[in-house]
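Dear colleague,

I am handing over the structure we spoke of, and below it you will find my notes on its interior. Please read them with the model open beside you.

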Amino acid sequence: MRFAPKPQKTALILAQRIVRDIHTRGLRPGQKLPPERLMMEEYEAGRGTLRESLRYLELQGVLSFKPGPGGGPVVEKPGADSLAATLALLLQFDGAPYRVIAEARAAFEPLMAGLAAERITPERLTDLERSVTDMESGLTDHDIYLESNVRFHDIIAWASGNSLFGFLIDVMVGDMDISGAAHGINYPVRRRQAVLKAHRNIYEAIAAAEPHQATEAMREHIDEYLTYITRKFPQSLSRQITWQ
């Protein structure tokens, strides 16, 4: 039995039209949309429907609102935070544990590393090397270690040339994961040294443009990560993901 798709709300349809027009007209972040009166005329929409559409786009990170005289809706570039919020809600209502993030990383990140070895730009390769040297110089500082760890994986994801991978790692390693720190996982200096060694191996494979080596080095790194948290913090893997 087939079910008819649920009709979309008028406000959502209008929001989609506004986004389409933003792209068609080449509007960039920081540029303003027309005043409310003109938008009501252009889209033949009531004030309530238009404001609901704009509020929806604000929640999605597409717009912000400049207050005061001459203010109004301003175009923004959405970030991964809106994706993180939506994904966290879906996972929470599905009763998903932190393990799903760890397993997804194990599936995706080796492929990302292999693609990065083929596609990374000189600028991103420099950034990747800097993340390794920053981790090494700040190995005893927990905050520096976490920041450089997140940055390393994020650079590789975007260097893969696949923006979907970039946004997923922004969410899984950044907003939702923080290398597991938000789930009670911690890393003594000895473990940080092992991570640093793994990062250096991955960086060298990517710098040498060796996709297979980069893929296997990342696979080994993520497998070690899963082994470590399974052995040391099994309760964290079972902790439910929540919208926070």
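The notes that follow deal with the nonpolar cores and then with the cavities.

Please bear in mind throughout that this is a predicted model. Its largest nonpolar core has 48 residues, and those with the most contacts inside this core are L128, F152, I156, I206, Y225 and I229. Two or more residues of this core come from each of α5 (99-119), α6 (122-137), α7, α8 (163-175), α9 and α10. Leaving aside residues up to four places away in sequence, I206 touches A113, A116, A117, I120, L125, L128, I156 and A214. A second core, separate from the other and made up of 15 residues, includes M40, L50, L57 and V62.

Turning to enclosed space, the structure holds two cavities of 30 Å³ or more. The largest cavity contains about 90 Å³ of space, and eleven residues line this cavity, with R105, N149, Y187, H221 and Y225 the closest to its centre. At least two lining residues are supplied by each of α7 (142-159), α9 (189-207) and α10 (211-232), and by class the lining comprises five nonpolar, four polar and two charged residues. Y225 thus appears both among the core residues with the most contacts and among the residues closest to the centre of the largest cavity.

The second largest cavity, with about 50 Å³ of space, is lined by I18, D21, I22, R25, L27, L33, P34, M39, E42 and Y43. Here α1 (10-24) and α2 (36-43) each supply at least two lining residues, and the lining has seven nonpolar, three charged and no polar residues.

With best regards

Technical notes:
Residues are numbered from 1 along each chain as its sequence is written. This is a predicted model: local features need pLDDT of at least 70, side-chain atom pairs count only at pLDDT 80 or more; totals for chains, interfaces and linings use all residues. Side-chain values use heavy atoms; hydrogens and water are left out. On a 1 Å grid over the protein atoms alone, a cavity is a set of points where a 1.4 Å probe fits but cannot get out, and a pocket is an open set with protein on both sides within 12 Å along at least five of seven lines; lining residues have an atom within 4 Å of a point. Grid points are joined across faces, edges and corners, and a volume is the space filled by probe spheres set on the points. Helices (H or I, at least four residues) and strands (E, at least two) are DSSP runs, numbered from the N terminus. Ala, Val, Leu, Ile, Met, Phe, Trp, Tyr, Cys and Pro count as nonpolar, Asp, Glu, Lys and Arg as charged, and the others, Gly among them, as polar. A nonpolar core is a set of buried Ala, Val, Leu, Ile, Met, Phe, Trp, Tyr and Cys residues joined through side-chain atoms within 4.5 Å. Buried means under 20% relative accessible area, exposed over 50%, partly exposed in between (1.4 Å probe, protein chains only). Contact means heavy atoms within 4.5 Å.
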